[in-house]
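Reader: I've got the model open on my screen and want to know where the labels come from. Can you take me through a few?

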Amino acid sequence: MSALAQAQTFVAPPLVPQNGRQPCSPHPADSRPVTAFVLSGGASLGALQVGMLRALYERGIVPDFMVGTSVGALNATFVASRPQTVETIDELAAVWRGLRREHVFPVRWRELVRGLVGRGDHVLSDSGVREIIVRHLTIARLEDVIVPVHLVAFELVKGEEVRLSRGPALEALLAAAAIPGLLPPVVRGNRRLVDGGVVNNTPISHAVDLGAERVYVLPTSGASRAFGKRPRGALEAAIDAITLMIDSQHRADVARYAGKVELIVLPAPNPRHVQPTNFDHTQSLIEGALAAARTFLAQIHAAKSLALRPTSAASPLD
């Protein structure tokens, strides 16, 4: 099956705006529409986004702004705070190739026990994620980025999504990546912020709300998840169930916004059914996503070129 057939959707923009708003900036017919990259959450499967990003930047496709949650927030901020080049994506790939599960999710018995016996709201320290962020963070505040970036978190007290676009970058990234129950929430005043992926793992809605007219979606799972084997134990079973729920929400969001903006959902190949907690297959995930995205984008380009080709006038002798 071709990469284009495997991708979830490619919808041409509507002739008449249907989102009830004017776009961020008017543009003539021959200029590029306001373009957003939306990066999903998915822990170790965020490596797929590295391959997708490289394919996009190879073709000179760059965003006007980026939206991300969870690991997508980390990838988006890394790229948004650096020159918009293929070399930046290669730097991100090098970071990913050096990651191991114990680096991201270090186990400390004190926190584990406190969480398990109900004396804490998390079971793992955020020291691993914090160290990784600090090591590669080049900005102090979110508004210091080269390309605007918006991170999606969830506020536990009021039970609502929060879009973080300004303020201390480290705090915002920790909040967007704080998987509830696993990592500690980030306390900001009276707010307790956690990973926005729990309610909106692919925040297309925020890109639309910010005025995007063309949205490239960089997911971490396919349109439908067919598990290659039965889960081994309760943890894998829980991960599979959460993944199915997220995929269902993702399909609903694609259907909801397809008539409002141009949606281009890149393929997220994971033939080995790598779990989000497994960091041992980073290189194969990057390479697979890169190859699939290259093919997919080439087919889109060919389809658009064919659609724009002028029809030859009929010969009077015909």
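Reader: What makes the second largest cavity, with its volume of about 40 Å³, a cavity?

Author: On a 1 Å grid over the protein atoms alone, a cavity is a set of points where a 1.4 Å probe fits but cannot get out, and lining residues have an atom within 4 Å of a point. Grid points are joined across faces, edges and corners, and the volume is the space filled by probe spheres set on the points. The second largest cavity comes to about 40 Å³, and the structure holds three cavities of 30 Å³ or more. This is a predicted model, where local features need pLDDT of at least 70, side-chain atom pairs count only at pLDDT 80 or more, and totals for chains, interfaces and linings use all residues. Numbering starts from 1 along each chain as its sequence is written, and side-chain values use heavy atoms, leaving out hydrogens and water.

Reader: How do you know which residues line the second largest cavity, and how do they divide?

Author: The lining consists of Asp126, Val129, Leu174, Ala177, Ala178, Leu183, Pro184 and Val186. Ala, Val, Leu, Ile, Met, Phe, Trp, Tyr, Cys and Pro count as nonpolar, Asp, Glu, Lys and Arg as charged, and the others, Gly among them, as polar. That gives seven nonpolar, no polar and one charged.

Reader: Why is Ala177 called buried or exposed?

Author: Buried means under 20% relative accessible area, exposed over 50%, and partly exposed in between, using a 1.4 Å probe and protein chains only. Ala177 has 8% relative accessibility, so it counts as buried. It sits in the loop between helix H8 (169–176) and strand E5 (186–188); helices (H or I, at least four residues) and strands (E, at least two) are DSSP runs, numbered from the N terminus. Leaving aside neighbours within four places in sequence, Ala177 has contacts (heavy atoms within 4.5 Å) with Ser70, Leu74, Leu183 and Asp195.

Reader: And what makes H8 largely enclosed by the rest of the structure?

Author: Six of its eight residues are buried, so H8 is largely enclosed. Those are Ala169, Ala172, Leu173, Leu174, Ala175 and Ala176. Among the elements they pack against are H3, helix H7 (127–136) and strand E6 (191–195).

Reader: What about Arg82: why is it buried?

Author: Its relative accessible area is 11%, so Arg82 falls on the buried side. The residue lies in the loop between helix H3 (71–80) and helix H4 (86–97). Beyond neighbours within four places in sequence, Arg82 contacts Thr88, Glu91, His136, Thr138 and Ile146.

Definitions and conventions
1 Å grid on protein atoms, 1.4 Å probe; cavity = no way out; pocket = protein on both sides within 12 Å on 5 of 7 lines; lining within 4 Å.
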